[in-house]
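Trainee: I'd like to learn how to read a protein model. Can we go through it one feature at a time?
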Amino acid sequence: MSGLDQARSTARFVSQDPVPATFFTVTGAISVEVRDVSVNGAQIEHAQPVRPAMQGRLVLGNLTANATVIWTRLMGPGRYRSGLRIEQSLDIVAAAIRDLLARGVVRKGEDTLQRREQARLERQLGSLAREVQ
């Protein structure tokens, strides 16, 4: 499964307010807002459409990294949300995330996988309770 509901294999860091950034592609610069970031990727919102497999450079704070669009969805009129895979050395991305943490720009997000597993168990318990009745 890909996209908005995908469980993450690495910790992601979220911001209360979207973080302004730029995604540079062969067609030009796209102003984006970063919703979350991890050492492997970022979720962005933007007004200009992008396509899966589109490559570019994400500039976020002191991080400049090659990135590829993995998925994209129309969220509303003229508003898109996309997932990027960051193709940069892990230590460089981790250092940039540490800087964002230290400045209070992002905080560690909830464990998506743990939250999904908890919801699955609760659904199973609800189903068992209905069978017993």
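Mentor: Sure. Keep in mind that this is a predicted model. Let's begin with a pair: the side chains of Arg-103 and Asp-99 meet in a salt bridge, 3.1 Å from N to O.

Trainee: What lets side chains pair like that?

Mentor: The general idea is that side chains of opposite charge can pair when their charged atoms come close. In this model, Asp-99 is partly exposed, with a relative accessible area of 26%.

Trainee: How many salt bridges are there?

Mentor: The count comes to seven. Take Glu-33 and Arg-79, whose side chains meet at 2.7 Å, N to O. Glu-33 sits in strand β2 and Arg-79 in strand β6, so this pair ties together parts that are 46 residues apart in sequence.

Trainee: Are Glu-33 and Arg-79 buried or exposed?

Mentor: In between: Glu-33 is partly exposed at 30% relative accessible area, and Arg-79 is partly exposed at 28%.

Trainee: Which residue forms a salt bridge with Glu-45?

Mentor: That's Arg-35, with the closest N and O atoms 3.5 Å apart. Glu-45 is in strand β3 and Arg-35 in strand β2, 10 residues apart. Glu-45 counts as buried because its relative accessible area is 10%, under the 20% cut-off. Arg-35, at 30%, is partly exposed. Salt bridges that share partners join Glu-33, Arg-35, Glu-45, Arg-79 and Arg-81 into one network.

Trainee: And Arg-12, is it buried or exposed?

Mentor: Arg-12 is buried, at 13% relative accessible area. You'll find Arg-12 in the segment before β1, where its side chain makes a polar contact with the side chain of Asp-36 at 3.3 Å.

Trainee: Now the nonpolar core. Which residues touch the most other members?

Mentor: In the largest nonpolar core, which has 24 residues, they are Phe-23, Val-34, Val-37 and Leu-58. At least two residues of this core come from each of β1, β2, β3, β4, β5, β6 and α1. Follow Leu-58 and, leaving out residues up to four places away in sequence, you'll see that it touches Ala-21, Phe-23, Val-32 and Ile-86, among others.

Trainee: What about Asp-91, where is it found?

Mentor: In helix α1, residues 90–102. Asp-91 is exposed, with 53% relative accessibility. Asp-91 and Val-39 are 52 residues apart in sequence, and their C-alpha atoms are 8.4 Å apart in space.

Trainee: One last stop: what is phi of Ala-53?

Mentor: Near 80°, a positive value in a residue other than glycine. Ala-53 lies in the loop between β3 and β4, and is exposed at 58% relative accessible area.

Definitions and conventions:
Residues are numbered from 1 along each chain as its sequence is written. This is a predicted model: local features need pLDDT of at least 70, side-chain atom pairs count only at pLDDT 80 or more; totals for chains, interfaces and linings use all residues. Side-chain values use heavy atoms; hydrogens and water are left out. Helices (H or I, at least four residues) and strands (E, at least two) are DSSP runs, numbered from the N terminus. Buried means under 20% relative accessible area, exposed over 50%, partly exposed in between (1.4 Å probe, protein chains only). A nonpolar core is a set of buried Ala, Val, Leu, Ile, Met, Phe, Trp, Tyr and Cys residues joined through side-chain atoms within 4.5 Å. Contact means heavy atoms within 4.5 Å. A polar contact is a pair of N or O atoms within 3.5 Å; within protein, one must be able to donate a hydrogen and the other to accept it, and residues adjacent in sequence count only if both atoms are side-chain atoms. A salt bridge is a side-chain nitrogen of Lys or Arg within 4 Å of a carboxyl oxygen of Asp or Glu.
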